[in-house]
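Here are a few friendly notes to read alongside the model. Take them one at a time, with the structure open beside you.

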Amino acid sequence: MHPALQGMLTIAIGVGACITYFWGSNQFLDKVLYPPKGPNAGRNINRANMIRPWLFLFPAIFALSLYLAYPVVETLRLSVTQRIPGGGSEFVGLDNYKQMFGESKFWEAMRNNMLWLIVVPAVSTAMGLLVAQLTDRIRWGAIAKSLIFMPMAISFVGAAVIWKLVYDARPPGTEQIGVLNAIYVGLMGGEPQQWLTIPFWNNFFLMIVLIWIQTGFAMVILSAALRGIPEETVEAAIIDGANPFQVFFKIKVPQIMGTIVVVWTTITIVVLKIFDIVFAMTNGQWETQVLANYMYDKLFRSNDWGVGSASAMVIMLLVTPILVWNVYNARKEMR
Amino acid sequence: MSNIAGTKSSLTWAVHLSVVVLVALWLFPTVGLFVSSFRTADQIATSGWWKALFPQEQNEVLRTAEPGTQVQEGPLYVIEGNLFDAGAESEISAWGTSSREISAYAPGETADMGEDGRLTVEADGSYRLENDVAFEGRRGERVFVTATAPPEFTLDNYRQVLLSEDATDSMAKAFFNTLTVTIPATVIPILIAAFAAYALAWMDFPGRALLIAAVVGLLVVPLQLALIPLLKLHLGIGIGKGYLGVWLAHTGFGLPLAIYLLRNYMVGLPRDIIENARVDGASDFQIFVKIILPLSFPALASFAIFQFLWTWNDLLVALVFLIDATGETTVMTRQIVELLGTRGGNWEILATAAFVSIAVPLAVFFAMQKYLVRGMLAGSVK
């Protein structure tokens, strides 16, 4: 069967099954189990209303537990076991972690992830804030914003190809077709460089790709926050003689600090999970390894589930503070 | 006062200018890929894409027609024709007959090549080669020209990438596979999440607050953790690697955001409408289908765009849950990574393949930007 047809069929079956489930289970509850009539009508309505939320929630809870909650536990278990050749597994305690901590590639990935964590959220947020402020008052600001926002729609892999062309290098003496080398050779008189193979600095060339993508996100959110600042505060500052820079840094930024933190943490989570860009551009060579790609290497290239799961747990551990903070805020808000 | 007015206008100019620079910087890489996808391999390899928009001067080696086409005009043997292919609009600025002196003559001049005859080349490439004796041999005379060619673009790359039978270059199948992954993976989570979001927003039951907190927590759980346990599970229960597995995985991974976005939106709907409907005897199911769903359209659209972009652009989930050893179910992102490996230098194929894959999300992005922005604001400012 043609996959497109198969896809259509699945949509029909999937959507049909969902609707049948929701409709059918509600009908069953109201018509068969606890009909709101007869001698026990009142009691029946109450009981039906106690059960109904769970009918609505069941598929979601089931999928969430199976696809997100269970894996956390299972990964934790896998990280302290080792597969025995021929099937089965045995408990090995912290051996996988010990082995991982002994690998220089892991520490390289950790170092790079930390670099990414420091640079990308900071630069993306700052650039986003800058663009949001600059485009706020100009007439063609909406168009400018939409163009800077555009990379959000481009896949990491697509972005990797786009930037590989920018970083492309040709042998010395021939015409450079990568913009960066064309500028470097043409205007600064250097030798053409293979930018992605220069250890340490190549990390930054990879980060630029993510910054290019995430700036639009930061800009959209911060721009909305800037719009939400009460006019009076800005006007009062101007009347008091504040210059535009003072207005921006002393009046506007403090008022949107909460949003800046949210943007920062959201990008931080993206950075912690960064995989595609490194996978497609360098695959971790030339000292550009990151945790997610290290994990992928362990899981699917070396087939070492123990160490792979251990490195996945490291990513989880790094995400946990943000997770706790988010849950804490959400609960505070609901009260 | 004029002083202050002066600084203000110069500041405005600075703002306009810096926005122009930033936008140009942001667009430049993408435009490069776009332009490259319309150039031939030779053009890409010999000059930067930013030069493609202007006429280019290049050196070429061309040949006159072969001696078989000569005609006799009185005592002279003559070969006439044009060095360029029909339709080319190149203009010759200099030419020569030897590789050591490729610009020895100006257009219109005549080169005396001794016993090989006399050659006259005009700026438009037309030439006249004459001799007192008949031309011999099988090949025409070599002519070295320095010509300025107008910008030239081609659709051949798209033809090759979309229509070629060659499996390594072809994006057509991968395009349909991507579509097959994307659409169910977008529709199904919306449906499941909408019901759950309604329950979390408008129904009262013990444990509701806890569930909402759990959804917020699961929002940030890295899907990397799910790879091995779920692959094991899929292999164990017989789903294996394939579309069903990838649909289920995307559904699971997309649910927290879907529930979170939709619940935040539904909570904001006016209480009166819902309570009036309850008083009128509508059941929760009816309220949901007839009132909540239509009113929540903007939030549903926001999430649909998110999920569509995310599943279309995804690589990792497809690698783990979908693509098996046969490669029959490869998706576009995977195909491009393959191309990066096997045809890293063939920019015409790479650029075109990449552009085919980003064209659809870009179209969706520009058409539905309003909903995307709205969804992002609802999803993170809270």
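1. Let's begin where two parts of chain B meet. Seven residues of domain 1 of chain B are in contact with seven residues of domain 3 of chain B. Please keep in mind that this is a predicted model.

2. To find your way around, use the domain assignment of chain B: domain 1 covers 22-53, domain 2 covers 56-149 and domain 3 covers 159-380. Between the centres of domain 1 of chain B and domain 3 of chain B, taken over C-alpha atoms, the separation is 32 Å.

3. Now for the contact itself. Domain 1 of chain B and domain 3 of chain B bury about 630 Å² between them, and carbon and sulfur atoms give 85% of that area. Try colouring Leu33(B), Ser37(B) and Ile44(B): they supply 59% of the area that domain 1 of chain B buries against domain 3 of chain B, more than any other three residues.

4. How many salt bridges are there between domain 1 of chain B and domain 3 of chain B? The count is zero. The search for residue pairs in polar contact across this interface, with both residues at pLDDT 80 or more, also finds zero.

5. Next, look at the side of domain 1 of chain B that touches domain 3 of chain B. Helix H1 (2-36) and helix H2 (41-46) of chain B each supply at least two of its residues. The largest share, three residues, comes from H1(B). Sorted by class, this side of domain 1 of chain B has four nonpolar residues, two polar and one charged.

Definitions and conventions. Residues are numbered from 1 along each chain as its sequence is written. Chains are lettered from A and ligands numbered from 1 in the order in which they are written. This is a predicted model: local features need pLDDT of at least 70, side-chain atom pairs count only at pLDDT 80 or more; totals for chains, interfaces and linings use all residues. Side-chain values use heavy atoms; hydrogens and water are left out. Domain bounds come from an automatic or database domain assignment. Contact means heavy atoms within 4.5 Å. Buried area is the accessible area (1.4 Å probe) that two parts lose on being put together, summed over both. A salt bridge is a side-chain nitrogen of Lys or Arg within 4 Å of a carboxyl oxygen of Asp or Glu. A polar contact is a pair of N or O atoms within 3.5 Å; within protein, one must be able to donate a hydrogen and the other to accept it, and residues adjacent in sequence count only if both atoms are side-chain atoms. Helices (H or I, at least four residues) and strands (E, at least two) are DSSP runs, numbered from the N terminus. Ala, Val, Leu, Ile, Met, Phe, Trp, Tyr, Cys and Pro count as nonpolar, Asp, Glu, Lys and Arg as charged, and the others, Gly among them, as polar.
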